[in-house]
Amino acid sequence: MMKDHARLMQAFSALGEIVGRKKLQKIIFIAKKHNYAFHEKYQFHFFGPYSEELTLRVEELCNMGFINEYNEKKSGYYQYRYEVTEEGQAFLDAQNEAVSEKLEPFLKNLNEQSSRFLELVSTLLYFDSLEGDSQIEKVKKVKAKQNYTDKELDEALTYIKQLNQLV
Amino acid sequence: MTMKYSNQKLQEEKVFKDPVHRYIHVRDQVIWDLIGTKEFQRLRRIRQLGTTYLTFHGAEHSRLNHSLGVYEIIRRIVDDVFANRPEWDESERLLSLCAALLHDLGHGPYSHSFEKVFDLDHEVFTQAIILGDTEVNQVLKRVSRSFPQKVSDVIAKTYDNNQIISLISSQIDADRMDYLQRDAYFTGVSYGHFDMERILRVLRPREDQVVIKSSGMHAVEDYIMSRYQMYWQVYFHPVTRSSEVILTKILHRAKELSEMNYEFAYEPMHFVSMFEGKVTLKDYLKLDESVIMYYFQMWEDEKDPILRDLCSRFINRNLFKYVEFDPSKEYKKLNKLEQLFSEADLDPEYYLVVDSSSDLPYDFYRPGEEEERVPIHLLMPSGELRELSRQSEIVDAISGKRRTDHKLYYPKDLLMDDSTHKETKEKILAILGVSEH
């Protein structure tokens with residue numbers, strides 16, 4: 001019952017603090033791509049994989065008082081910061097859901113990366129059915145405005161290989 | 001010299017009578033040929049609003065009706081509003097029309113429930129139909145070898161021209177403009193109406209998106225309001241959610257039984273590849289609502305009491321009742337209820353269901369936040385772009401609101417049957433706050 005909400009709470013709890021909705025979106029997408037049991041449906045949006053379901057579920061968790069969302073004004077936009085509340089921790093403790101021991105280090109590793117980098121990694125993973133050069137070409141096309149350098153692309157591909165070993 | 005297929009026009013314009021747009025006009029040979037393909041015709045056998053007909057009996061319209069409607073809106077935009085504007089690339093016209101017509105091609109019967117239970121994605125099937133060995137692909141390939149991929153990319157929102165994507169898929173797009181009006185018409189509700197003619201007249205193509213001239217702001221306010229009202233009055237109607245809950249549970253049960261090697265009295269051939277997680281395009285295209293209803297009828301006679309009961313409920317519209325549920329205060333109560341349901345021989349996995357607003361495939365208008373969703377932009381007389389909710393107090397008032405909703409569904413008739421587990425059932429009804437009368 002409410003398993004999808006509980007799984008997201010596990011993620012928030014493992015992450016400690018997470019800064020930015022974009023970062024949250026990409027972290028859950030990357031975890032899902034690595035077969036962690038998140039069921040939020042993703043589509044490609046102008047800025048990479050995005051899940052409306054995830055946005056709604058996070059809103060519900062905020063309304064339930066299970067996570068706190070802090071809103072900070074940055075230059076020209078708002079940035080959001082999330083933390084699990086005491087009530088949220090109590091809800092989590094009451095669940096009987098088993099959690100993979102590997103989930104926490106996996107999510108923490110992602111949380112240490114920049115939002116821009118995760119956007120690139122998640123976009124590469126979104127197009128992972130394309131082979132070799134076609135994958136890179138597609139990412140360069142849809143991410144033309146972000147001007148990712150070849151160095152960043154190499155780093156992202158190396159990082160994806162490292163992630164596979166964390167699963 | 002023969003004319004290129006992409007430019008070929010029908011000798012006479014074809015028109016379809018349509019209750020929303022009055023007429024749908026087809027002049028392009030490519031569009032006419034696509035409409036005739038078997039994959040497009042399959043959409044006739046899939047209702048646009050899934051189980052909503054169990055609440056609003058008029059909601060029998062199909063995905064085909066809606067797809068033609070989206071095509072017609074795009075046709076009007078590109079032929080009547082954008083034509084000859086310097087920001088519009090005329091060479092993208094046919095691509096826009098094809099993407100509009102085919103944008104829902106991969107939807108299956110009751111696709112929301114199917115996708116949840118069998119971990120499917122209709123967008124993946126849309127791409128598979130467009131790029132695979134299908135009649136649709138044959139038609140698109142006649143335009144050019146790369147054309148099917150382009151159509152698929154626009155629908156998947158991965159095409160390199162964002163302006164075309166935003167015509168078909170954005171916060172004010174042809175898809176939403178058609179379904180709001182069409183769903184309002186067929187459900188018979190008085191919400192969902194707005195002045196689309198006015199909106200179309202004030203749409204302007206810009207480099208990366210389609211924007212609205214600021215003089216059209218009030219028409220857009222009306223569109224946002226109707227989207228908001230349709231969400232709560234139609235799409236998120238608690239009775240429709242009940243039928244959706246039962247449908248989802250039927251599929252869950254059938255899948256679980258298959259995993260337990262249960263012997264179905266009627267071999268569910270159409271479901272086998274889904275149970276095994278290996279759905280091919282050929283299998284998928286064979287599914288439509290008639291096929292699903294056939295199995296539900298057959299399963300009314302199955303030995304398994306849960307499958308039998310759920311199917312009978314769906315067929316005969318004997319739906320679950322509901323109470324409001326506040327997870328923040330009541331999640332402990334839920335644990336207790338689960339225990340009592342088990343004691344009463346009612347499997348809580350199938351007979352006690354929390355349904356949340358996030359389970360629904362519809363959304364509200366959201367202003368851009370950290371650039372995730374491109375907001376609706378108004379084009380001011382100075383040429384500057386301004387986000388809609390910053391200009392409109394009405395939109396600001398409803399787009400900032402975070403209303404979420406949870407309901408707890410249960411079979412009241414089984415709980416009222418006191419021939420077994422009388423005391424336990426009384427306890428359940430008391431916790432649910434349901435009167436026995």
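**Chain B, its helix α12, and the contact with chain A**

In this predicted model, chain B is built from 23 helices and nine strands. Laid along the principal axes, its C-alpha atoms take up a box of roughly 80 × 50 × 35 Å. How does the spread of the chain square with its length? For 437 residues the rule for a compact globule puts the radius of gyration near 22 Å, and the 24 Å found for chain B agrees with that. Buried residues account for 42% of the 437 residues in chain B. As for how the chain folds back on itself, take the contacts in chain B between residues at least 6 apart in sequence: 67% of these link residues that are at least 24 apart.

Helix α12 of chain B is worth a closer look. Running over residues 217–235, this helix has 19 residues and covers 25 Å from its first C-alpha to its last, close to the 27 Å expected at 1.5 Å a residue. α12(B) also carries a kink of about 25°, with B:Gln229 at its centre. The buried residues of the helix start with B:Val220, B:Tyr223 and B:Ile224, go on through B:Ser226, B:Arg227 and B:Met230, and finish with B:Val234 and B:Tyr235. And what do these buried residues pack against? Their partners in chain B are the helices α10 (174–187), α11 (196–202), α20 (388–391) and α21 (393–399), along with the strand β4 (210–213).

Turning to the contact between the chains, 31 residues come from chain A and 27 residues from chain B. On the chain A side, the elements that supply two or more residues are the helices α2 (21–33), α3 (52–64), α4 (86–94) and α7 (132–142), plus the strands β2 (43–45) and β5 (77–84). Of these, α3(A) gives the most, with eight residues. By residue type, the side of chain A that touches chain B splits into 14 nonpolar, seven polar and ten charged.

Chain A also offers a helix to set beside α12(B), namely α1 (residues 3–15). Its 13 residues should span 18 Å at 1.5 Å a residue, and the end C-alpha atoms do lie 18 Å apart, so expectation and model agree. Within α1(A), the buried residues include A:His5 and the run A:Arg7, A:Leu8, A:Met9, A:Gln10, A:Ala11 and A:Phe12, with A:Leu15 buried as well. Following the helix is A:Gly16, which has a positive phi near 75°.

Methods. Residues are numbered from 1 along each chain as its sequence is written. Chains are lettered from A and ligands numbered from 1 in the order in which they are written. This is a predicted model: local features need pLDDT of at least 70, side-chain atom pairs count only at pLDDT 80 or more; totals for chains, interfaces and linings use all residues. Helices (H or I, at least four residues) and strands (E, at least two) are DSSP runs, numbered from the N terminus. The expected span of a helix is 1.5 Å times one less than its number of residues. The bend at a residue is the angle between axes fitted to the seven residues ending there and the seven starting there. A residue is buried if 20 or more other C-beta atoms lie within 10 Å of its own, exposed if 12 or fewer, and partly exposed in between; C-beta atoms are placed from the backbone. Two residues are in contact if their C-beta atoms, placed from the backbone, lie within 7 Å. Ala, Val, Leu, Ile, Met, Phe, Trp, Tyr, Cys and Pro count as nonpolar, Asp, Glu, Lys and Arg as charged, and the others, Gly among them, as polar. The radius of gyration is taken over C-alpha atoms; the globule rule is 2.2 Å times the number of residues to the power 0.38.
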